[in-house]
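Work through the exercises below with the coordinates open. Each task is followed by a solution in steps.

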Amino acid sequence: MSEKIKKENKTSFIDWFLGSEAATSVAVVILGIIAGTIIVMCVGKNPGGLFKAIWQSFVGQYNRGLGKWSLAPLGNTLTYAIPYVLCGLSMGFANRVGMFNIGAEGQYMVGMLAAHAFAVCIPSFPGQWFFCIIVAMLAGAVWGGIVGVLKAKFKISEVVATIMLNYIALYLYRLIALYVLPEGLINKTYQTAPLANGALLQGIGIRIREGALQLGDFQLNIGFIFMLLSVLAFWYIMEKTKLGFSLRATGFNKEAARCSGINDTNAISTAMAISGAFAGIAGACVLLGSLRFGRIMQSQDNYGFMGIAVALVGNSKALGTLLAGILFGALKSAYSLMQFMSIPREVVNIIEGLIVIFIALRAGLEIVKAYRAKQLLKKEAR
Amino acid sequence: MKKVLTVALCVLLAASLFVSCGKKGSDKAASAKGSDKAASANENIRVALLTDATGIDDKSFNAAAWRGILAFYNDNGAGKGTLYTNITTQSADDYLPNLKNAAAQGYDLIITTGFTWAEASAAFAKDYPNQKIIIVDVGFLPQYDNFIQYEYEEQQGSYLVGVAAAMQAKNDGIENPSFGFIGGVPGATITKFEMGYIQGILSVFPNASIRDYYANNWGAPELAKTQAKNWYDSGVYCIFSAAGGTGGGTIDQAKEYRKAGKNVWAIGVDSDQYEDGIYAEGKSAVLTSMLKVVENSTIDALTKVKNGTWKGGVVAQNMTNGGVGYATTNAELCDAAKAAVEQAKADILSGKVVVLKTAKEVLEKYPHIGRLNAIDD
């Protein structure tokens, strides 16, 4: 009797697991971290350091210099999460429409460039940062829109087009920053003139330097709020509007969508433009919030590419992408923390890579699902 | 039941692995601490070296800074992770967070390398007045009491390798030799290398033809290789590249051509790159290297922390304190060249020769060398 109940429970767990995409994502992350642990043990280090570093990137660490608890690592985690989530949204939005947007990196750079130009060329005025972000959003949308139009009108593969536009964006950034924007005072090949004060994103940290808690180090900028708003916008557009419905329908089956009267050409261009807009905001947030100087880009920041992983783990859903982005932010924050504990830094890259590989499990689970359905049919037939 | 047992066994196995590994780690740490106590009196100074993504395996700049730390502690690496450690970044927005993390660990000294750290280090030094921090190879930042900037006078070392290359050409009996310079991203720092090199060559061959090329990239060896091939084909005798990873391409091309019997040379930069140029037993395509003794800066800073002689500001690293020099590892570097370089060294030390560092000054002094791609900023 008890055996039977157990069996039933077990079956339902597997069904639930197979049915829930969130559960798969969580399993994938856990698998990735387990694999990371094994690797750390293989190189003869204590994996405790790995967990401690990841833990600290959420709850902070003891500041030995000051003798206080500091929440700075959590601030770093959330700050890193801004571009991760936004680029994840960029990838996810296109993905829902059946497009593979590898161009978040390029859209991110073009957004950053637009914000940079706006912040350097226009004298400081209060609230300038808001316009910088809007300009960056538009620039990203144009950069993504180009790909959408190419795909919709001329059937040019978005993968090839976005990869090429990534490089064009990088060198365009360098060209404009080096030769068009006003020169810096020092180190001219590395930085342009400083960003206007009004363009910098204000911190939303709590500044307490007294007491047992050292919160002065906790830094987070308004970009975080823009990121949350973007998550909301993603969810609203996708799930609640007519546009979102036509986008999703195109993603499920383009031909069927067209036959039922949806303009799929329009849908693809719009989706790529919105997708680019998310990445554009990410570029502005990193430049105005984290870097805070007129940086001349030397090489790609890779936030756009990591966005692919974030969207995959988040299953291209708004909430999922938010959580996945914060997780990747924590891993990036742990990247430096674990080095202080003599854990090889490559472990983080390995974990991130493995998570992406394990995501392929989804396809494997589909096979299991199909097999189980078949078995069930057979059983019933019998 | 069987399944439960298997799972339990698995868990036990995994747990035991954990425990054993953990123990091993702490044993190691304990023994390391013990040997430190015996080996050196520097045990109470803790230092963190913060580098960009390449880390201390770059065979060049960061590696040298790390060697300086190792030389200071002189404990065969036993203190790694406890007394001294290296932290690398993933991207450009990591610099400040990494500095703050290091401050949270309570290190006595934080070392940053290269001008990419300039902005972040200066901002950090201002915000954390009690944390001692140095930056190597930068001298243009605002000054704070807790902040030392080590600036290298590379033009002096580059002058020496210029003399060496020119004397080698003379020794080989080459008439009207021409020379090349390959830089990374143009800027005042790299211009110092180029100008020193040019002046060194001109001191031997006043009418030598010299060309320069900037790859606009620190990590594109293929660009340097293509350029080096063109130049070597058109009769350039020796190329000096100060271009980070890009310079590897020059050495590669020189290796190929020397192997094929062509008499061309490459000159290394920062560290002695003799090993990188080896193409046959005991033969290297790297004639000499301009040495930038980054070790000196880290040792100097650590010594200042130890002796309590810390003083913020800019410290110059030049020939007088052994901060720059040249390598004599290659046996094919002729005696005449060595003698000439030693003479040049003495002349610089005595002040008889002053090596100019900006393109403007050099072009004013030697107008006949024509147009250069170098930028002063």
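**Exercise 1. Strand pairing in chain B**

Task: Find how many bridges join strand β1 of chain B to β2(B), and place this pair in its sheet.

Solution:
- In this predicted model, β1(B) covers residues 47–51 and is joined to β2(B) by 5 bridges. The two strands run parallel.
- One register point is B:Leu49, which stands opposite B:Asn86 in β2(B).
- Helix α3 of chain B, residues 95–104, packs on the sheet and touches β1, β2 and β3 (109–113) of chain B. The direction of α3(B) makes about 170° with that of β1(B).
- The pair belongs to an open sheet of 6 strands in chain B, with the order β2-β1-β3-β4-β5-β13 and parallel pairing.
- At the edges are β2 (84–88) and β13 (313–317) of chain B, each of which pairs on one side only.
- Direction ignored, neighbouring strands of this sheet are turned by 20° against each other on average.

**Exercise 2. An enclosed strand**

Task: Decide whether strand β9 of chain B is enclosed or open to the outside, and identify the residue of β9(B) that is the bridge partner of B:Phe240.

Solution:
- Strand β9(B) spans residues 265–270, and 6 of the 6 residues are buried, so the strand is largely enclosed by the rest of the structure.
- Strand β8 of chain B, residues 236–242, runs parallel to β9(B) and is joined to it by 3 bridges.
- The bridge partner of B:Phe240 in β9(B) is B:Ile267.

**Exercise 3. Domains of chain B**

Task: Describe the division of chain B into domains and the contact between domain 1 and domain 2 of chain B.

Solution:
- Domain 1 of chain B is 47–152, and domain 2 of chain B is made of 154–291 + 324–369.
- Taken over C-alpha atoms, the centres of these two domains are separated by 30 Å.
- The contact takes 7 residues from domain 1 of chain B and 5 residues from domain 2 of chain B.
- On the domain 1 side, helix α2 of chain B (residues 61–73) gives the most, with 3 residues.
- The domain 1 side has 5 nonpolar, 1 polar and 1 charged residues.

**Exercise 4. The contact between the chains**

Task: State how many residues chain A and chain B give to their contact, and which element supplies the largest share on the side of chain A.

Solution:
- Chain A gives 33 residues and chain B gives 31 residues.
- On the side of chain A, the elements that give two or more residues are β1 (61–63), α4 (72–96), α11 (264–291) and α13 (318–340) of chain A.
- The largest share there comes from α13(A), with 6 residues.
- By class, the residues on this side are 10 nonpolar, 15 polar and 8 charged.
- As a check on confidence, chain A has a mean pLDDT of 89, and 94% of its residues reach 70 or more. Within chain A, the lowest mean is 58, in strand β3 (residues 213–214), and the highest is 96, in helix α5 (residues 104–121).

**Exercise 5. Positive phi outside glycine**

Task: Locate A:Ser342 and B:Asn76, and classify A:Ser342 and B:Asn76 by exposure.

Solution:
- Most residues other than glycine have a negative phi.
- A:Ser342 is not a glycine, yet has a positive phi of about 60°. A:Ser342 sits in the loop between α13 and α14 (346–359) of chain A.
- A:Ser342 counts as partly exposed because it has 16 C-beta neighbours inside 10 Å.
- B:Asn76, also not a glycine, has a positive phi of about 55°. The loop between α2 and β2 of chain B holds B:Asn76.
- B:Asn76 has 10 C-beta neighbours inside 10 Å and therefore counts as exposed.

**Exercise 6. Two buried positions**

Task: Which residues are in contact with B:Gly180, leaving aside its neighbours within four places in sequence? Repeat the search for A:Leu74.

Solution:
- B:Gly180 is in strand β6 (residues 178–183) of chain B. B:Gly180 counts as buried because 26 C-beta neighbours lie inside 10 Å.
- With those sequence neighbours left aside, the contacts of B:Gly180 are B:Arg211, B:Trp231, B:Val236 and B:Ile239.
- A:Leu74 lies in helix α4 of chain A and is buried, with 21 other C-beta atoms within 10 Å.
- Not counting residues up to four places away in sequence, A:Leu74 touches A:Ser57, A:Phe58, A:Val59, A:Gly60 and A:Phe218.
- C-alpha to C-alpha, A:Leu74 and A:Gln61 are 9.1 Å apart in space and 13 residues apart in sequence.

Conventions. Residues are numbered from 1 along each chain as its sequence is written. Chains are lettered from A and ligands numbered from 1 in the order in which they are written. This is a predicted model: local features need pLDDT of at least 70, side-chain atom pairs count only at pLDDT 80 or more; totals for chains, interfaces and linings use all residues. Two strands pair if DSSP finds at least two bridges between them. Helices (H or I, at least four residues) and strands (E, at least two) are DSSP runs, numbered from the N terminus. Axes are lines fitted to C-alpha atoms, for helices over the stretch in contact, and angles run from 0 to 180 degrees between N-to-C directions. Two residues are in contact if their C-beta atoms, placed from the backbone, lie within 7 Å. pLDDT is the predictor's confidence in each residue, from 0 to 100. Ala, Val, Leu, Ile, Met, Phe, Trp, Tyr, Cys and Pro count as nonpolar, Asp, Glu, Lys and Arg as charged, and the others, Gly among them, as polar. Domain bounds come from an automatic or database domain assignment. A residue is buried if 20 or more other C-beta atoms lie within 10 Å of its own, exposed if 12 or fewer, and partly exposed in between; C-beta atoms are placed from the backbone.
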